[in-house]
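Here are a few exercises to work through with the model open in your viewer. Try each task yourself before reading the solution.

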Amino acid sequence: MEPLDRSTIWPYRDGEPGEFYYQRYAHPTGVEAERALGKLEGGEALLFPSGSAAITALVLAELAPGQTVALAEGAYYGTGALFTSLERWGLRFVEFDQTGPPAAGADLVWLEAPSNPFLTMPDLEAAAAHPGRVVVDSTAATPVYLRPLEHGADYVVHSATKYLGGHHDLLLGAVVCRDADSAARLREFRGRTGIVATPDSAWLLLRSLKTLRPRLERQTETASDLAARLQRLDAVETVRYPGFGGLLSFDVRGDARRVETSLNLIANATSLGGVDTVLESRSRWEGGRVPDNLLRLSVGLEDADELWSDLEQAIANA
Ligand SMILES: *Cc1c(COP(=O)(O)O)cnc(C)c1O
């Protein structure tokens with residue numbers, strides 16, 4: 001493995017700061033992890049302490065008070081909640097259906113591929129034709145299934161806490177920039193504000209990226225299988241699955257909370273993208289924004305038949 005360097009300072013050389021001198025500006029483990037992620041996305045990656053920190057830094061660095069974000073309707077609940085809390089600093093946002101063209105007049109278009117938990121895919125071509133800059137939160141797609149910068153996006157955002165990290169043991173976020181000027185601006189802002197990821201989480205990301213593709217391929221295989229089996233169940237009304245990745249959601253006939261508490265193998269927990277399968281009712285967090293019988297399932301690496309047995313018996317208790 002690449003070394004984990006926790007230093008906060010590095011000596012000047014011949015009286016001058018070198019590439020690394022103070023951890024807030026840059027650290028070697030972070031730079032290594034950014035290089036690896038940048039290569040996967042085809043851009044310049046910057047790490048942040050969480051996905052939410054990455055989103056916060058990007059909108060504060062790139063927008064001025066009074067500017068507007070067109071946010072994909074049904075995108076990650078926390079993104080809208082975060083934008084709402086930034087409204088008192090002058091951020092404005094409107095929601096739109098990301099399967100069509102973005103709201104006119106927006107300065108920044110915010111897409112999610114696929115949206116969490118509705119699993120819609122954005123119309124990337126329509127967004128690229130919009131005059132505003134385009135961000136794709138590609139947390140659930142990962143660079144294994146989508147490289148948004150190749151489809152005209154200016155920025156890719158990740159909650160690396162999810163698939164990139166993949167083991168439910170690190171909190172991390174990233175912004176990948178298409179052009180070097182934006183990356184330099186954002187890096188400057190990050191250093192000034194101190195919204196900086198630790199060497200430890202960067203090191204864990206480096207470890208995780210080595211298995212990203214086989215994890216995702218296996219998760220896709222199992223999730224496709226489970227989605228097809230759920231579709232055939234009378235006790236399930238709707239199954240949402242984009243055809244790739246490990247994330248799906250479905251609506252049960254009956255009480256979603258009873259499904260949660262009937263699980264044996266699958267953990268009743270939040271988050272997604274890890275090697276362990278988790279399931280939860282999203283109305284707990286999102287209220288009336290989602291159907292109250294919607295369950296979100298993030299498929300891990302366990303045996304597909306064992307996962308199915310657990311799901312089937314839990315749904316029978318709905
Ligand atoms: C979890 C998540 C986030 C927020 O990331 P954190 O690492 O929890 O701060 C942002 N976008 C999507 C799509 C997510 O699933």
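**Exercise 1.** In which order do the seven strands of the open sheet lie, and which strands stand at the edges?

*Solution.* Start with the order, keeping in mind that this is a predicted model. Walking across the sheet gives S1-S7-S6-S5-S4-S2-S3, and the pairing is mixed. Next, look at the ends: S1 (44–48) and S3 (92–96) each have a single partner strand, so one side of each is left without a neighbour in the sheet. Finally, check the twist: neighbouring strands are turned by 20° against each other on average, direction ignored.

**Exercise 2.** Find the sense in which S2 and S4 pair, then find the helix that packs on this sheet.

*Solution.* S2 (residues 68–72) runs parallel to S4 (residues 108–112), and three bridges join the pair. To locate the register, take Val-69, whose bridge partner in S4 is Leu-108. The helix to look for is H2 (residues 51–62), which touches S1, S4, S5 (133–137), S6 (155–159) and S7 (173–177). The direction of H2 makes about 150° with that of S6.

**Exercise 3.** Which residues come nearest to the ligand?

*Solution.* There are 13 residues around the ligand, and the nearest are Ser-52, Asp-137, Ser-159, Thr-161 and Lys-162. Now go through the polar side-chain atoms. One of Ser-52 lies 2.7 Å from a ligand oxygen atom. For Ser-159, the distance from a polar side-chain atom to a ligand oxygen is 2.8 Å. Lys-162 likewise places a polar side-chain atom 2.8 Å from an oxygen atom of the ligand.

**Exercise 4.** Work out the strand order of the five-stranded open sheet and find what lies across it.

*Solution.* The order is S8-S9-S12-S11-S10, with mixed pairing. S8 (236–240) and S10 (267–268) are the edge strands, each pairing on one side only. Further in, S9 (residues 247–252) and S12 (residues 294–298) are antiparallel, with five bridges; one of the pairings to check is Phe-250 with Leu-295 in S12. H11 lies across S8, S9, S11 (278–281) and S12, at about 25° to S9.

**Exercise 5.** How do H8 and H11 pack, and which residues meet?

*Solution.* First the geometry: H8 (residues 212–231) and H11 (residues 304–316) pack at about 35°, their axes 10 Å apart, and the crossing is right-handed. Then the contacts: H8 brings Thr-222, Asp-225, Leu-226, Arg-229 and Leu-230, while H11 brings Ala-304, Asp-305, Leu-307, Trp-308, Leu-311 and Ile-315. Sorting these contact residues gives seven nonpolar, one polar and three charged.

Conventions
Residues numbered from 1 in each chain as written. Predicted model: local features only at pLDDT ≥ 70, side-chain atom pairs only at ≥ 80, totals over all residues. Heavy atoms only, no water. Axes fitted to C-alpha atoms, helices over the stretch in contact; angles between N-to-C directions. Helix = DSSP H or I, 4+ residues; strand = E, 2+ residues; numbered from the N terminus. Left-handed = near helix turned anticlockwise from the far one by under 90°. Contact = heavy atoms within 4.5 Å. Nonpolar A, V, L, I, M, F, W, Y, C, P; charged D, E, K, R; others polar. Pairing = 2+ DSSP bridges. Near = heavy atom within 4 Å. Polar contact = N/O pair within 3.5 Å; in protein donor to acceptor, adjacent residues only side chain to side chain.
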